[in-house]
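Here is a friendly walk through one sheet and its surroundings. Have the viewer open as you read.

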Amino acid sequence: MREIIFDTETTGLDSRDDRVIELGGVELVNRFPTGRTFHQYINPQGRAIHAEAQSVHGISAADLAGKPSFAEIAEEWLRFTEGAKLVAHNATFDIGFLNVEFGRLGHPPVDNGLVVDTLALARRKHPMGPNSLDALCRRYGIDNTKRTKHGALLDSELLAEVYIELIGGKQAALILDSATAPAQGGNNVRHIEIIVAERPAPLVPRLTEAERMAHAAMVATLGEKALWLKASPQQAAQALSS
């Protein structure tokens with residue numbers, strides 16, 4: 001299963017008028033980070049950055065001079081996210097902005113069936129809150145000391161750790177009979193298949209003859225309906241050895 005944990009920074013809060021100026025994402029495969037990321041600053045093409053927004057993310061118009069437009073990075077983002085679920089904190093905000101940006105380019109909107117909102121997950125799991133990204137990092141012991149300002153890639157990396165905890169921690173990703181673990185190979189992801197094979201021969205029983213005799217004597221006292229009398233000698237030995 002492939003998921004992209006992502007975040008946006010914008011010029012303001014109105015998706016109909018404001019623009020995306022930073023987009024970041026982190027890839028998970030089977031709930032483990034692969035090392036593949038996406039990060040791009042985006043020129044808002046003349047749209048001013050609201051002072052309130054700049055105080056949150058610290059990105060100025062000067063920082064975005066010479067950066068590509070959303071139209072120039074859209075296809076790269078779509079290739080990066082193709083076939084994956086999209087996971088965001090307060091996903092309605094981020095998806096709303098992306099859909100408006102895609103609409104300007106004639107692209108269809110994001111399929112809502114592929115979107116996971118970690119804020120909704122957190123509110124169900126921790127109804128008393130608080131459930132901001134910083135609060136969830138504190139709750140789960142995730143180091144967010146580098147987060148002095150909001151940033152799309154840093155926030156995505158933190159959210160990836162929070163998301164794994166929200167869905168049950170790393171234990172939720174273990175597959176015991178046949179598992180695949182992602183390994184980084186440049187920009188491509190390869191998978192190492194781990195097969196848990198059966199033993200070619202059973203282990204030698206650890207019971208001594210004295211223990212067998214003591215068990216037989218105990219079973220003889222249980223009566224004719226004892227379940228032990230219905231077990232084969234092999235089954236009984238296996239149960240005693242386990």
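## The sheet and its helices

Glu9 stands opposite Glu22 in β2. This is a predicted model, in which local features need pLDDT of at least 70, side-chain atom pairs count only at pLDDT 80 or more, and totals for chains, interfaces and linings use all residues. Residues are numbered from 1 along each chain as its sequence is written, and side-chain values use heavy atoms, with hydrogens and water left out.

β1 and β2 pair in the antiparallel sense over 9 bridges; pairing requires at least two DSSP bridges between two strands. Strands are DSSP runs of E with at least two residues, helices are runs of H or I with at least four, and both are numbered from the N terminus. β1 (residues 2-10) runs parallel to β4 (residues 85-88), and 3 bridges join them.

| Residue | Opposite residue |
|---|---|
| Glu3 | Lys85 in β4 |
| Ile5 | Val87 in β4 |

The open sheet has 5 strands in the order β3-β2-β1-β4-β5, with mixed pairing. Because β3 (32-41) and β5 (115-117) each have a single partner strand, they stand at the edges with one side lacking a neighbour in the sheet. Of the 9 residues of β1, 8 are buried (under 20% relative accessible area, 1.4 Å probe, protein chains only), so β1 is largely enclosed by the rest of the structure.

Two helices lie across strands of this sheet. Helix α4 (residues 91-105) crosses β1, β2 (20-29), β4 and β5, at about 80 degrees to β1. Helix α7 (residues 152-166) lies across β1, β2, β3, β4 and β5, at about 35 degrees to β2. Angles run from 0 to 180 degrees between N-to-C directions of axes fitted to C-alpha atoms, for helices over the stretch in contact, where contact means heavy atoms within 4.5 Å.

How values were computed
Buried < 20%, exposed > 50% of the residue type's maximum accessible area, 1.4 Å probe, protein only.
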